[in-house]
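I opened a notebook page for this structure. My entries follow in the order in which I looked things up.

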Amino acid sequence: LTITKCTLLGSILSNLLLVMGCSCLFGGIFGSHLHDSAPTQHFTESGANAQIVMLLLAVLCIGLPTAYADTMEDVDSDVSHAVLAMSRSMSVLLLVAYFMYL
């Protein structure tokens with residue numbers, strides 16, 4: 001289960017950060033040759049805000065159950081059921097947020 005969580009987190013972070021980073025890099029390299037003006041890129045503020053919110057939501061939804069499990073392990077003997085319920089609710093939240101994003 002831990003390997004799966006780490007794989008999902010790595011996949012989400014690498015996709016969001018790598019795709020955004022590559023688009024900025026290639027836009028700066030190739031986009032400046034398309035126009036006669038100075039080599040600047042223009043991004044819509046709403047698109048950038050949506051990417052930031054989706055990234056933050058993904059990190060929080062994966063990080064919160066893990067942090068809860070680590071901190072409550074000694075206090076709560078039934079922590080695995082609480083983490084499972086929290087993970088399921090977070091996955092539904094992520095699905096809803098993804099479909100709203102589309």
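Entry 1, glycine 10. I note first that the model is a predicted one. I asked whether glycine 10 is buried, exposed or in between. Its relative accessibility is 35%, and buried would require under 20% while exposed would require over 50%, so glycine 10 counts as partly exposed. I placed glycine 10 in helix H1, which covers residues 2–30. I then looked up its distance to valine 59: the two are 49 residues apart in sequence, and their C-alpha atoms are 9.9 Å apart in space.

Entry 2, the whole protein. How many helices and strands does the protein have? I found three helices and zero strands. Reading along the sequence, I wrote the pattern down as α-α-α. The protein has 102 residues, and buried ones make up 11% of them. I looked up the exposed surface as well: it comes to about 7,800 Å², with 71% of it supplied by carbon and sulfur atoms. For contacts with a separation of 6 or more, I noted that 59% join residues 24 or more positions apart.

Entry 3, proline 65. I found proline 65 in helix H2, the helix that spans 45–72. Is proline 65 buried or exposed? Its relative accessible area is 2%, so I entered proline 65 as buried. Which residues does proline 65 contact, once neighbours within four places in sequence are left aside? I listed Leu60, Val83, Met86, Ser87 and Met90. I also looked up alanine 82, which is 17 residues from proline 65 in sequence and 8.7 Å from it in space, C-alpha to C-alpha.

Entry 4, the second largest pocket. I noted a volume of about 300 Å³ for the second largest pocket. Which helices supply its lining? H1, H2 and H3 each give at least two residues. The lining residues include Ser11, Ile12, Asn15 and Leu16. Also among them are Gln51, Met54, Leu57 and Ala58. I completed the list with Leu94, Leu95, Tyr98 and Tyr101.

Entry 5, tyrosine 101. I followed tyrosine 101 from the pocket lining to its place in helix H3, residues 79–101. Its relative accessibility is 39%, and therefore tyrosine 101 counts as partly exposed. I also found Tyr101 in a nonpolar surface patch of about 580 Å², together with Leu95, Tyr98, Phe99 and Leu102. Leu95 and Tyr98 belong to this patch and are also listed in the lining of the second largest pocket.

Note on methods. Residues are numbered from 1 along each chain as its sequence is written. This is a predicted model: local features need pLDDT of at least 70, side-chain atom pairs count only at pLDDT 80 or more; totals for chains, interfaces and linings use all residues. Side-chain values use heavy atoms; hydrogens and water are left out. Patches are made of residues with over 30% relative accessible area and no salt bridge: like charges are joined within 9 Å, nonpolar side chains (Val, Leu, Ile, Met, Phe, Trp, Tyr) within 5 Å. Accessible areas come from the Shrake-Rupley method with a 1.4 Å probe; for residues, only the protein chains shown count as cover. A salt bridge is a side-chain nitrogen of Lys or Arg within 4 Å of a carboxyl oxygen of Asp or Glu. Helices (H or I, at least four residues) and strands (E, at least two) are DSSP runs, numbered from the N terminus. Buried means under 20% relative accessible area, exposed over 50%, partly exposed in between (1.4 Å probe, protein chains only). Contact means heavy atoms within 4.5 Å. On a 1 Å grid over the protein atoms alone, a cavity is a set of points where a 1.4 Å probe fits but cannot get out, and a pocket is an open set with protein on both sides within 12 Å along at least five of seven lines; lining residues have an atom within 4 Å of a point. Grid points are joined across faces, edges and corners, and a volume is the space filled by probe spheres set on the points.
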